[in-house]
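This report introduces one protein structure to a reader who has not met it before. Please keep the sequence and the 3D view at hand while reading.

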Amino acid sequence: MQDAVRRIIVVGGGTAGWITASLIAAENRESAHAPEVVLVESPDIPIIGVGEGTWPSMRLTLQKIGLAEADLMRQCEASFKQGTRFTGWSRQGDDHQYVHPFSLPAEYATLNLAEHWLATAAACPFAEFVTPQATIIAAGLAPKQSVTPEYAFNVNYGYHFDAGKFARLLHQHAVARLGVRYVSSNVERVESQTDGGIAAVVLTTGERLAGDLFVDCTGQRALLIGQQPGAGFVSVKEILFNDTAIAVQVPYVDASQPIASVTCATAVSSGWIWDIGLQTRRGVGHVYSSAHTSEPEALATLREYIGRVSPQTDLDRLGFRQIRFEPGFRRQFWVGNCVAVGLSGGFIEPLEASALALIEQAATIISCQLPVNRATMTVVARRFNEKMAYHWERVIEFLKLHYVLNQRDDSDYWRACRDPASCPDSLRDKLLLWQQQAPWHDDAPRVDELFPSASYQYVLYGMGFRPALRATRGAALLRDRERVGRVLQASADKARQMRNLLPTNRELLNSLLPMRGVA
Ligand SMILES: Cc1cc2nc3c(=O)[nH]c(=O)nc-3n(C[C@H](O)[C@H](O)[C@H](O)COP(=O)(O)OP(=O)(O)OC[C@H]3O[C@@H](n4cnc5c(N)ncnc54)[C@H](O)[C@@H]3O)c2cc1C
């Protein structure tokens with residue numbers, strides 16, 4: 001076959017590289033024309049090593065590549081994540097909290113409980129009203145029991161894990177079980193074809209790795225895609241201001257310390273702090289806008305937070321690491337025979353942990369629609385670019401929703417975050433519409449939406465958005481009243497049962513990993 005895709009070169013061995021290589025190898029291994037997958041990684045340039053929060057989609061990805069959940073738990077410090085708890089986002093202070101759980105509201109396909117919650121003017125927080133998972137999270141319970149089979153659950157979950165260890169586990173698995181060929185070397189230069197595509201990458205050893213499709217997973221360096229005309233970059237700094245993070249690992253001082261099964265996201269004066277509980281340590285970091293605060297101030301804010309949540313920690317023994325990023329994404333992710341996955345394709349702050357989910361999406365499309373030749377590649381590339389641009393725009397819109405409704409008055413940062421001029425038009429339109437109706441399926445219409453309309457509900461109502469819906473919905477509310485009563489009763493019963501059944505997150509981990517203790 002002319003221009004057949006027989007060899008795929010993945011450059012970069014971070015999470016993006018290994019997930020993409022693994023999915024391509026796993027999804028195509030039974031095919032008569034299974035391509036060779038080669039991953040080349042620099043022995044000198046470390047992976048970014050952050051990225052510790054995932055979505056439930058990671059369970060599916062790991063199952064597709066045939067990785068046992070037990071291996072993830074044992075080798076990557078993993079714990080269970082059921083969503084995110086936001087503190088201090090609507091107003092300053094620990095009293096202002098809400099959760100965005102992974103479970104959809106009860107009977108979401110056919111019933112919009114949000115309308116009923118708004119109509120009741122109830123004091124009950126929105127998430128608690130619509131899903132028993134909010135109660136499970138508040139009680140610090142795990143999403144499953146020790147006897148629950150791998151990847152199955154009582155309530156939906158993803159993971160928290162050590163990003164460096166995760167990349168190493170994927171590496172071992174991809175090479176040993178999926179037949180990915182590994183080359184440890186620096187790519188020195190990219191050799192072009194006459195038609196503008198990439199012919200080969202040339203390594204510092206002098207070796208020339210020719211290929212038919214090149215996947216750029218070189219992180220912020222964007223070594224391959226950055227050289228492609230037309231790939232461009234769309235900055236979103238005018239919408240999402242955060243451009244710097246300080247990350248730190250905080251060991252537990254007490255082996256019995258509870259482990260939250262949510263990412264804790266606490267708003268501070270010029271950004272927010274993530275706090276992720278792993279088996280022997282927390283991963284903590286401050287994401288902030290360098291236009292609104294200085295590095296010493298941001299560091300002091302982070303130290304103050306750690307001192308508050310873990311008073312016995314010796315702050316001077318911790319290694320703080322600063323990471324800068326330009327918030328934005330590629331104008332085109334796939335140009336010719338080069339496709340960017342991971343940080344090379346773009347990055348925005350890790351609120352809602354969408355980066356790994358975007359990697360999973362991109363790698364899934366590439367692996368499932370792997371073009372057989374260059375002619376098909378043009379079509380796949382065009383569709384890939386459309387889809388990924390759509391996802392990025394939705395992620396940006398959704399993240400902005402967390403900011404635009406804030407009522408904090410403690411800093412210029414929070415005032416700027418709610419300035420309508422910084423709000424994308426699409427979100428402004430939706431906010432107007434949601435004054436008269438609650439978000440539902442029309443607000444996130446695609447089957448493969450990263451954030452379903454339920455996610456918009458959790459954030460919107462968590463942030464205190466409580467419009468009086470239009471009177472014409474009154475008849476529908478009345479019609480569904482009995483059904484809603486039954487649904488809420490069933491939810492309350494489920495929450496009660498699960499409270500009695502489920503272990504704490506720490507107890508579940510101890511039962512799965514009996515030998516683990518404090519580092
Ligand atoms: C502060 C912060 C917090 C984050 N938190 C989350 C989170 O909670 N959840 C989430 O989903 N995502 C998160 N992310 C994003 C996540 O970390 C990344 O999307 C993910 O780790 C993928 O990175 P990568 O593989 O694209 O790049 P990297 O990990 O940087 O890997 C790049 C690879 O390219 C190789 N390379 C570079 N140059 C060359 C060369 N010349 N030759 C050969 N190889 C080369 C390197 O050796 C390395 O292997 C976070 C990001 C940041 C910055």
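## Strand 16 and its partners

Q249 has G283 of strand 16 as its bridge partner. The pair belongs to a longer arrangement, in which strand 13 and strand 16 run antiparallel and are joined by 8 bridges. The model in which these features appear is a predicted one.

Strand 16 (residues 281-288) also pairs with strand 15 (residues 271-277), again in the antiparallel sense, over 7 bridges. One of the residue pairs here places G277 opposite R282 of strand 16. Strand 15 and strand 16 make up a hairpin, and 3 residues lie between them. Is strand 16 buried or exposed? Of its 8 residues, 7 are buried, so strand 16 is largely enclosed by the rest of the structure.

## The sheet of seven strands

Strands 13, 15 and 16 are among the members of an open sheet of 7 strands, whose order is 5-4-14-15-16-13-17 and whose pairing is mixed. Its edges are formed by strand 5 (97-101) and strand 17 (321-324), each of which pairs on one side only. On average, neighbouring strands of the sheet are turned by 20° against each other, with direction ignored. In general, the strands of a sheet pair through backbone hydrogen bonds, in a parallel or an antiparallel manner.

A helix is also placed against part of this sheet. Helix 13 (residues 453-462) lies across strand 4 (83-87) and strand 5, and runs at about 180° to strand 5.

## The sheet of three strands

A second open sheet has 3 strands in the order 8-9-10, with antiparallel pairing. Strand 8 and strand 10 (208-210) are the edge strands with a single partner each, so one side of each has no neighbour in the sheet. From one strand to the next, the twist averages 25°.

Strand 8 (residues 187-192) and strand 9 (residues 198-203) are joined in the antiparallel sense over 5 bridges. Within this pairing, V187 has L203 of strand 9 as its bridge partner, and E191 stands opposite A200 of strand 9. The hairpin formed by strand 8 and strand 9 has 5 residues between the strands, and G196 takes a positive phi near 100° there.

## V190 in strand 8

V190 is a residue of strand 8. How many other C-beta atoms lie within 10 Å of V190? The number is 19, and V190 is classed as partly exposed. A residue is counted as buried from 20 such atoms upward, and as exposed at 12 or fewer, so a value in between gives the class partly exposed.

Leaving aside residues up to four places away in sequence, V190 touches I198, V201, L224 and Q227. V190 and V202 are 12 residues apart in sequence, while their C-alpha atoms are 6.2 Å apart in space.

## Domains of the chain

The chain is divided into three parts: domain 1 (7-52 + 162-235 + 328-394), domain 2 (103-156 + 409-501) and domain 3 (244-324). Taken over C-alpha atoms, the centres of domain 2 and domain 3 are separated by 28 Å. Domain 2 gives 8 residues to the contact between these two domains, and domain 3 gives 8 residues. On the side of domain 2 that touches domain 3, there are 4 nonpolar, 2 polar and 2 charged residues.

## The shell around the ligand

Where does the ligand shell lie with respect to the domains? Both domain 1 and domain 3 give residues to the shell around the ligand, so it lies between them. There are 36 residues around the ligand, and those that come nearest are G12, G14, G51, G219 and G342. Two or more shell residues are given by each of helix 1 (15-28), strand 2 (36-41), strand 13 (244-251) and helix 9 (354-368).

Helix 1 provides the largest share of the shell, with 3 residues. Sorted by class, the shell holds 20 nonpolar, 13 polar and 3 charged residues.

Note on methods:
Residues numbered from 1 in each chain as written. Predicted model: local features only at pLDDT ≥ 70, side-chain atom pairs only at ≥ 80, totals over all residues. Near = placed C-beta within 6 Å. Helix = DSSP H or I, 4+ residues; strand = E, 2+ residues; numbered from the N terminus. Nonpolar A, V, L, I, M, F, W, Y, C, P; charged D, E, K, R; others polar. Domains from an automatic or database assignment. Contact = placed C-beta atoms within 7 Å. Pairing = 2+ DSSP bridges. Axes fitted to C-alpha atoms, helices over the stretch in contact; angles between N-to-C directions.
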